[in-house]
Amino acid sequence: MSLLKRIEQGKSPEALGSTSSSGSEASRLSTLQARRVSAPPPSSQPGSYYDLKTRVQNRLLAELDPSMDVTKTDEVRKTIQELFEQVLSEENIILSRPERARLFEQIAAEILGFGPLQPLLEDETVTEIMVNGAKNIYIERKGKIHRVPVTFESNDHVMRIIDRIVAPLGRRIDESSPYVDARLPDGSRVNAVIPPIALNGPTLTIRKFFKTPLTIEQLIQFGTITPEALQFLKACVEARLNIVISGGTGSGKTTLLNILSSFIPADERIITIENAAELQLRQEHVVTLESRPPNIEGRGEITIRQLVINALRMRPDRIIVGEIRDDAALDMLQAMNTGHDGSMTTLHSNSPRDTLMRLETMTMMAGMDLPVRAIREQISSAIDMIIHQERLRDGSRKVVNITEVGGMEGDVITMTDIFVFEQTGYEGGKVLGRLRPTGLRPKAMDKIEAAGIHLPPSVFGVGSRQRY
């Protein structure tokens, strides 16, 4: 039986990127050496893969120079290759050429990449990776979740990978702070939770980024949105309407926000504010701000709310907040109401109406003791358009509502659906339907036309012969 028969084939790990300095990379390599796995317990099968990989890997880590700059991937791989061949020769380990190549790639992934996760990170069809302890790894592919035959050696092995992700960002995860938000060098979003909070062992969730961001054409091709709706939203962005993108987890809010932000004119100054930087704006004049958790002494925390307040002093043309989830909602509404038109944000909710209710609740969290009517007037005055997106039962992500916030009638905020997704059936595991215009003319058209943008009546489902 082949020595590596049970092992998932790995691919060559890519460089970790240039986001960290050579000093921090040297520190990471030194930490990796200090935390190398201890010798495994005696195996019932002498020469087992785990025993062999551990011995060779520990020898390599012990002999590598801690000051080596691991961002220079080609040089480091060459050095590792030489040491690898030397260790195999000294320990008289005989392997076939395929086995030798596979073992080297596995060990290189441990040193340069993210261990067993590296092949999944390089697989462009995988959109999400979920690690539930050492032995249970799931992926999302085409909106569906599948279990994969990939495992870590132990929970300690998972912890080493988590440490490798968060350490270069200056973040920490331990028993006193058992969860953390982080990002990979390519911008992919990471959330990690460890015991005692996670009872199944270290839990890691990675929302992957497309190496090449989705284009407008792909969004239309996937059926996420129609050309008419996108034409209308483009006009809304150019006319500086304030937009909230709402939806559930994994519904595609950030992807749509990236698409809409591409419509912002290149001569405007954009300030982005996020918990973990993941927006991919193409404009040249972009300032990216990221919140910061407290340090080990409980000090130094920088919240989204503080960043929104500070952004107002940075001469922004537009403020884009990655996600509103707390009392920062009040400051975002204030910014939208004080001349920073064209701002955008995302928010978790079940429907456009729920979006307004969540905004109202989060504004109350600011502790200002404002009357409910005053909060609703702020919301109705600040928000122009709500785009609601859902992940349907077939795994597809679609815009299901484009709703205009009209104003106040009594104590109620009025809303008008401009586009609504109509489901026509469910065949072959696919949801059938289309985002259709309701035929209503949005009040915002006056502002859009004042910006010199003229949309044909057909965008809203109005016949060319009808009066518009």
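**View 1. Strand β6 and its two partners.** In this predicted model, four of the five residues of strand β6 (residues 203-207) are buried, so the rest of the structure largely encloses β6. On one pairing, β6 meets strand β1 (residues 126-132) through five bridges, and the two run antiparallel. Look for glutamate 128 here, which stands opposite arginine 207 in β6. Strand β5 (residues 189-193) also runs antiparallel to β6, again joined by five bridges. Arginine 207 turns up in this pairing too, as the bridge partner of arginine 189.

**View 2. A cis bond between two prolines.** Stay with β5 and β6 and move to the loop between them, which is where proline 196 sits. The peptide bond that joins proline 195 and proline 196 is cis, with omega at about 10°. For context, most peptide bonds are trans, and most residues other than glycine have a negative phi.

**View 3. Two positive phi values outside glycine.** Lysine 142 is not a glycine, yet its phi is positive, at about 55°. You'll find lysine 142 in the loop between β2 (137-141) and β3 (144-147). Its relative accessible area is 74%, so lysine 142 is exposed. Arginine 240 is another non-glycine residue with a positive phi, this one near 65°. The loop that holds arginine 240 runs between α8 and β7. Is arginine 240 buried, partly exposed or exposed? At a relative accessibility of 22%, arginine 240 counts as partly exposed, given that the buried class ends at 20%.

**View 4. The nine-stranded sheet.** Follow the strands across in the order β9-β8-β10-β11-β7-β12-β13-β14-β15: they make an open sheet with mixed pairing. Which strands stand at the edges? They are β9 (286-290) and β15 (430-437); each has a single partner strand, so one side of each is left without a neighbour in the sheet. On average, neighbouring strands in this sheet are turned by 25° against each other, ignoring direction. If you're following side chains along the strands, remember that in a regular strand they alternate between the two faces of the sheet.

**View 5. The β12-β13 pairing, plus a charge over a ring.** Strand β12 (residues 385-391) and strand β13 (residues 397-409) run antiparallel, with seven bridges joining them. One residue to pick out is methionine 385, whose bridge partner in β13 is glutamate 404. Also shown is arginine 393, which lies over the face of tyrosine 426, 3.8 Å from the ring centre.

**View 6. Helix α8 across the sheet.** Helix α8 (residues 227-238) lies across β7 (243-247), β10 (318-321), β11 (344-348), β12, β13, β14 (412-427) and β15. Against β14, helix α8 runs at about 155°.

**View 7. A cluster of three phenylalanines.** The structure holds three aromatic pairs. In one of them, phenylalanine 232 and phenylalanine 460 have ring centres 5.4 Å apart and planes at 75°, so this pair is edge-to-face. The chain takes a long way round to make that pair: phenylalanine 232 is in helix α8, phenylalanine 460 is in the segment after α14 (445-450), and 228 residues separate them. Swap in phenylalanine 419 as the partner of phenylalanine 460 and the numbers become 6.5 Å between centres and 40° between planes, so that pair is tilted. Phenylalanine 419 belongs to strand β14, 41 residues from phenylalanine 460. Ring pairs thus link Phe232, Phe419 and Phe460 into a cluster. How accessible is phenylalanine 419? Its relative accessible area is 0%, so phenylalanine 419 is buried. Phenylalanine 460, at 1% relative accessibility, counts as buried, and phenylalanine 232 is buried as well.

**View 8. Where to trust the coordinates less.** Mean pLDDT for the chain is 80, and 85% of its residues reach 70 or more. Among the elements of the chain, β7 has the highest mean pLDDT (95), while helix α1 (residues 22-34) has the lowest (46). Over residues 1-47 the pLDDT is below 50, and this stretch has 89 contacts in the model beyond near neighbours in sequence. Residues 464-468 also stay under 50, and there the model has four contacts beyond four places in sequence. Where pLDDT is low, the predicted coordinates should not be read in detail.

Definitions and conventions:
Residues numbered from 1 in each chain as written. Heavy atoms only, no water. Pairing = 2+ DSSP bridges. Axes fitted to C-alpha atoms, helices over the stretch in contact; angles between N-to-C directions. Contact = heavy atoms within 4.5 Å. Buried < 20%, exposed > 50% of the residue type's maximum accessible area, 1.4 Å probe, protein only. Phe/Tyr/Trp six-rings, centres within 6.5 Å; stacked < 30°, edge-to-face > 60°. Lys NZ or Arg CZ within 6 Å of the ring centre and 35° of its normal. pLDDT = per-residue confidence, 0-100.
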